[in-house]
There are 2 protein chains.
Amino acid sequence: MPDTLSKPKYEVCLVGSGGVGTIASLVLTKSALARVTVVLRSKYNYVSEHGWEIDSVDHGKISRWKPYRVVRSAVEAATVERTTNAENKDVRDHAGQVKEVEYDYVVVATKALPSLNPVAKMISPVITPGKTTVVVIQNGIGIEQDIVKAYPGNVVMSSVSHIGSEVQEPNVVVQVGKDASKIGPHLHGGVDDSISMAKARSFVEMYVAGGAHTCELVSDIQTARWEKLLWNGTFNTVCALMRMDVGEMQRSKGRETLLVPMMWEIWRIAEAAGHAMPQSIVQWMAYRLPDDCAYRPSMLLDLENGRPMEVDVILGNALAKAREVGVETPVLSVVYNLLVLEEWKIGQRTAGET
Amino acid sequence: MPDTLSKPKYEVCLVGSGGVGTIASLVLTKSALARVTVVLRSKYNYVSEHGWEIDSVDHGKISRWKPYRVVRSAVEAATVERTTNAENKDVRDHAGQVKEVEYDYVVVATKALPSLNPVAKMISPVITPGKTTVVVIQNGIGIEQDIVKAYPGNVVMSSVSHIGSEVQEPNVVVQVGKDASKIGPHLHGGVDDSISMAKARSFVEMYVAGGAHTCELVSDIQTARWEKLLWNGTFNTVCALMRMDVGEMQRSKGRETLLVPMMWEIWRIAEAAGHAMPQSIVQWMAYRLPDDCAYRPSMLLDLENGRPMEVDVILGNALAKAREVGVETPVLSVVYNLLVLEEWKIGQRTAGET
């Protein structure tokens, strides 16, 4: 058994151990308040044997690091680890029916691809109704709704993470940007607000105890989401569409002709949806990076590598909200429709490969 | 001397001998009404020695074909051909000052790139004020204005060509689509309408006599231009931006989400500008080609080959007209701004090469 507390305060299951998720699993483990089980799919074989090689601006260099448990699937995470094959076999027969482990928190740090990989379905084996709190650390807008719908008696929390961290093959995690996040409860009718608030507070305390750079408990996490969307809905999407890095986008004047108008559209949707931001934030978001910035946003990397992009949660859901609240989105809509064509192309290539 | 009439009815200078222009020079020559001088730049050396190899759906196969004269520049076109170097030298000293050849028609069939290669300046050596009629066979909208401004006493005509014809290196012209064009005078205050009309009629008669599939004299050539823009402003631009052929654009539903809305924007600009088209034309333009059509529009080929694109005359001028007549263009404007970024990228690469 790994060298961790035998009786931690919280059982935590983390799904999606990329750059963001792996650092989160490290922070939660270091808090000594959590026993962390991580669900890994493609990397299971390698990481369960070798662990992670971490090089972190917050935590230093750590070699062969593993959380309490690494498993292949959410179903496996819900069962107690057996030491022999025979016993394992018994457990798998009960998979999906019996929950041997009841989790206090399930942390979702996957890429947000609701149509390919819906979160509510993905985490169902590790959810105990009325008990498990779901924490989503994902991009986009409106990502909590399907979870609330599937688990109406559970607390749902949402985290907006600003962290520069990526996985390099096969098991190296390089964190160059400090882990700064805002976390808040996603209040809904199925749970008393006081309970949602208390669960959120406990999680933030645990996350701070684990040595994150900053982790702030906020009452209105949606405003933080819209704030991040000012970047993700503009630089991230148009850099992808145009195969341009941030500096090229700025030097080409695309910032002025496209991104700033898009930012104002996002700003107006957020305002109409009850999440007003100061006007000055648009200027700040648009002009905070230098013109020689060679940063290639995540959606551009996804596009270049033929991977699915987070178009739905970043633009699709924002546009649905715009229609709901009656805000015009001429530029965002066109960029969205063009990115849908890029997704179609990626889908055609993927289909051709199988 | 080439085997042509020694005393033709018209002196014609043609600038821009690509797929469209070379067939036009052949048609005009075949009419036996014109003595055609063609200005060639990069291809001068090869074509002046070997002529063109033409394979045409209208004219059959013709080997080593040359017009009456092939010259290196408009300045050279304005001077009489000398047979010795000494004489040539004398003439060049007078270049731009003396016009030894006065042209009845100057036909412009270059790609329309007003900022890189303004037509009015390009043709100035072959224009005789008050005499030479300028015929533009180019894409886009508003391309006649600069010519009228530069030569206010000259007739200007404009042709909308539908011809499938391309140059394959070094000197092969393959024409697979019949040469069907509409030609009309661009009436303006500097010339009597009756004179403009008469010059246009003579040109069309000559073009028909030369064996073009069809060449129709129309009174409102601008409506024909807007009609062609329904295609060039939509399929041509978005296929380029998305690196998709026509069939991919249709199968991906980009036609419905982007192209049809753009067509209606163009339709409304044209209507407001006094060039109303039947509503049914949008449906026809959008749905006339099959979903497996692998056609790659010209702007896509330009983009893939890092060549300048006709963004200004196809979208820029249409958007300027939209502002003038007060028509909203939400989709066209975004596609235009994105293509401007593509042009910026091409410009950056070209700058890096020199």
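Hi everyone, this is a short walk through the domains, the chain interface, the salt bridges and the cysteines of this two-chain structure.

A little housekeeping before the details. This is a predicted model, where local features need pLDDT of at least 70 and side-chain atom pairs count only at pLDDT 80 or more, while totals for chains, interfaces and linings use all residues. Residues are numbered from 1 along each chain as its sequence is written, chains are lettered from A and ligands numbered from 1 in the order in which they are written, and side-chain values use heavy atoms, with hydrogens and water left out.

Let's start inside chain A. It is divided into domain 1, covering 10-85 + 93-219, and domain 2, covering 225-353; those bounds come from an automatic or database domain assignment. Taken over C-alpha atoms, the centres of the two domains are 26 Å apart. Domain 1 of chain A brings 20 residues to the contact and domain 2 of chain A brings 16 residues, where contact means heavy atoms within 4.5 Å.

How much area is buried between domain 1 and domain 2 of chain A? About 1500 Å², with carbon and sulfur atoms giving 52% of it. Buried area here is the accessible area (1.4 Å probe) that two parts lose on being put together, summed over both. On the domain 1 side, A:Lys111, A:Asn139 and A:Ile141 lose the most area to domain 2, together 45% of what that side buries.

There are also 2 salt bridges between these domains of chain A, a salt bridge being a side-chain nitrogen of Lys or Arg within 4 Å of a carboxyl oxygen of Asp or Glu. The same pair of domains has 14 residue pairs in polar contact, both residues at pLDDT 80 or more. A polar contact is a pair of N or O atoms within 3.5 Å; within protein, one must be able to donate a hydrogen and the other to accept it, and residues adjacent in sequence count only if both atoms are side-chain atoms. Strand β8 of chain A, residues 156-162, supplies the largest share of the domain 1 side that touches domain 2, with 5 residues. Helices (H or I, at least four residues) and strands (E, at least two) are DSSP runs, numbered from the N terminus.

Now for the two chains together. Chain A and chain B each put 22 residues into their contact. They bury about 2000 Å² between them, and carbon and sulfur atoms give 78% of that area. In chain A, A:Met242, A:Leu341 and A:Trp344 lose the most area to chain B, together 31% of what that side buries.

What about charged and polar pairs across this interface? The rule finds 0 salt bridges between chain A and chain B, and 2 residue pairs in polar contact, both at pLDDT 80 or more. Which element gives the most to the side of chain A that touches chain B? That is α14(A), with 10 residues.

Helix α14 of chain A, residues 330-353, also holds a salt bridge of its own, as both A:Lys345 and A:Glu342 lie there, 3 residues apart, about one turn of the helix. Their closest N and O atoms are 3.5 Å apart, and both A:Lys345 and A:Glu342 are buried. Buried means under 20% relative accessible area, exposed over 50%, and partly exposed in between (1.4 Å probe, protein chains only).

Over all chains, the search finds 28 salt bridges. One of them joins B:Lys111 and B:Asp302, with the closest N and O atoms 3.2 Å apart. This pair links distant parts of the chain, 191 residues apart: B:Lys111 is in the loop between β6 and α5 of chain B, and B:Asp302 is in helix α12 (residues 298-304) of chain B. B:Lys111 counts as partly exposed at 28% relative accessibility, whereas B:Asp302 counts as buried at 8%. In chain A, salt bridges that share partners join A:Lys111, A:Asp302 and A:Arg307 into one network.

Last stop, the cysteines. How many disulfides are there over all chains? The search finds 0, a disulfide being a pair of cysteine sulfur atoms within 2.5 Å. For A:Cys215, the closest cysteine sulfur is in A:Cys13, 19 Å away, so the two are too far apart for a bond. B:Cys239 is in no disulfide either, and its nearest cysteine sulfur, that of B:Cys293, is 8.8 Å away. A:Cys215 is buried at 11% relative accessible area, and B:Cys239 is buried at 0%.
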